[in-house]
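What follows is a walk through one structure, from aromatic side chains to the packing of the interior. Please keep the sequence and the 3D view at hand while reading.

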Amino acid sequence: MTLSAILAGLATGIMLGIFGSGGSIITTPALLYLLDIAPKSAIAMSLGIVAVTATLTALQHWRAGNVNGKVTLIFGIFGILGTYAGARLGVITPVVLQLSIFALVMYAAAWKMLRPAQPPRSAGAAAVEAAEGCTSRHCLSHVAMHGIVVGALTGLVGVGGGFLIVPALVILSRLPMKQAIGTSLAIVAVKSYAGFAGYVGDVPIDYALMAVFAAVAVVGSVIGTRLARCVSGDVLKKGFAIFLMLVATYILANQIT
């Protein structure tokens, strides 16, 4: 692996550790343009790498009590169904369409990160919402539907979907932000395994390269989890958003030319 690819692996883990999302958005372009992996293989390998990294990072959050098991189960089950279906569709979808959708997802993630932060809820309101949780049938059905939609996107273009899952958990499941990030990582891990399984056997996969990249990303996730405690999230989010827009523009330009 080149130095730039190692740095990309570290960045993958750091983003997952800090935000509970962003891993695949770095991993797929790194595999495509730094390691010259074929597009469908890059998407499949990205899912495998993020699955392993998100699992280990989620375990850190679980030990800290920041993973909601019930929400993970509901979102995860329906997410698996959507992800596997999306992966099977991804096998036969033209590469230009997959990468174009991937670039649009990157723009959406960047836009979300550049939006002004919502005013924080009071500690009392957050505690009440956390205690109430998502218990009604209406709420649970929304969580399940979101799991299917985000899962399909995960399988089709190889993104974990954490940047969609985190706000959904805050709004639909009424989880505090720290729990939303930890729970998102658990969900991303489960869905990414399903997406990877959907590609296995139909696209070439370099397992040795995946193992090395995942190992580097795991180191990055430990760093990211610690950075989240002492570095301004706003500064990191803005820098990452700019990076996403630049890479998305490059991907689209490559598909047009």
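Tyr207 counts as partly exposed at 48% relative accessibility; buried means under 20% relative accessible area, exposed over 50%, and partly exposed in between, with a 1.4 Å probe and protein chains only. This is a predicted model, in which local features need pLDDT of at least 70 and side-chain atom pairs count only at pLDDT 80 or more, while totals for chains, interfaces and linings use all residues. Residues are numbered from 1 along each chain as its sequence is written, and side-chain values use heavy atoms, with hydrogens and water left out.

A pair of aromatic rings is described by the distance of the centres and the angle of the planes. Here rings of Phe, Tyr and Trp (its six-membered ring) pair if their centres lie within 6.5 Å, and planes under 30 degrees apart count as stacked, over 60 as edge-to-face and the rest as tilted. By this rule the model has 2 aromatic pairs. In one of them, Tyr33 and Tyr250 meet edge-to-face, at 5.1 Å centre to centre and 85° between the planes. Tyr33 belongs to helix α2 (residues 23-34) and Tyr250 to helix α11 (residues 233-256), so this pair ties together parts that are 217 residues apart in sequence. Helices (H or I, at least four residues) and strands (E, at least two) are DSSP runs, numbered from the N terminus. Tyr33 is partly exposed, with a relative accessible area of 31%, and Tyr250 is partly exposed at 45%.

Phe196 and Tyr207 also form a pair: the ring centres are 6.3 Å apart and the planes stand at 90°, so the arrangement is edge-to-face. This pair links helix α9 (residues 177-199), which holds Phe196, to helix α10 (residues 207-230), which holds Tyr207, the two residues being 11 apart. Phe196 is buried, with a relative accessible area of 14%.

Helix α9 also contains Gly182, which is buried at a relative accessible area of 0%. Its C-alpha atom is 7.0 Å from that of Trp62, although 120 residues separate the two along the chain. Leaving aside neighbours within four places in sequence, Gly182 is in contact (heavy atoms within 4.5 Å) with Ala58, His61, Asn66 and Val67.

Another buried residue is Ser46, at 0% relative accessibility, in helix α3 (residues 39-63). The C-alpha atoms of Ser46 and Thr28 are separated by 5.6 Å, with their positions 18 residues apart along the chain. Beyond neighbours within four places in sequence, Ser46 is in contact with Ser24, Thr27, Thr28, Leu31 and Gly158.

In soluble globular proteins, nonpolar side chains tend to be buried together. A nonpolar core is a set of buried Ala, Val, Leu, Ile, Met, Phe, Trp, Tyr and Cys residues joined through side-chain atoms within 4.5 Å. The largest such core has 43 residues, and those with the most contacts inside it are Leu31, Met106 and Tyr199. Helix α5 (residues 95-114) gives the largest share of this core, 7 residues. A second, separate core of 22 residues includes Val71, Val143, Val150 and Leu175.

On the surface, Leu73, Ile77, Phe78, Leu81, Met145, Ile148 and Val149 make a nonpolar patch of about 650 Å². The elements that give two or more residues to the patch are α4 (69-92) and α7 (137-157), and the largest share, 4 residues, comes from α4. Ile148 is found in helix α7 and counts as partly exposed at 32% relative accessibility. Patches are made of residues with over 30% relative accessible area and no salt bridge (a side-chain nitrogen of Lys or Arg within 4 Å of a carboxyl oxygen of Asp or Glu), with nonpolar side chains (Val, Leu, Ile, Met, Phe, Trp, Tyr) joined within 5 Å and like charges within 9 Å. Accessible areas come from the Shrake-Rupley method with a 1.4 Å probe; for residues, only the protein chains shown count as cover.
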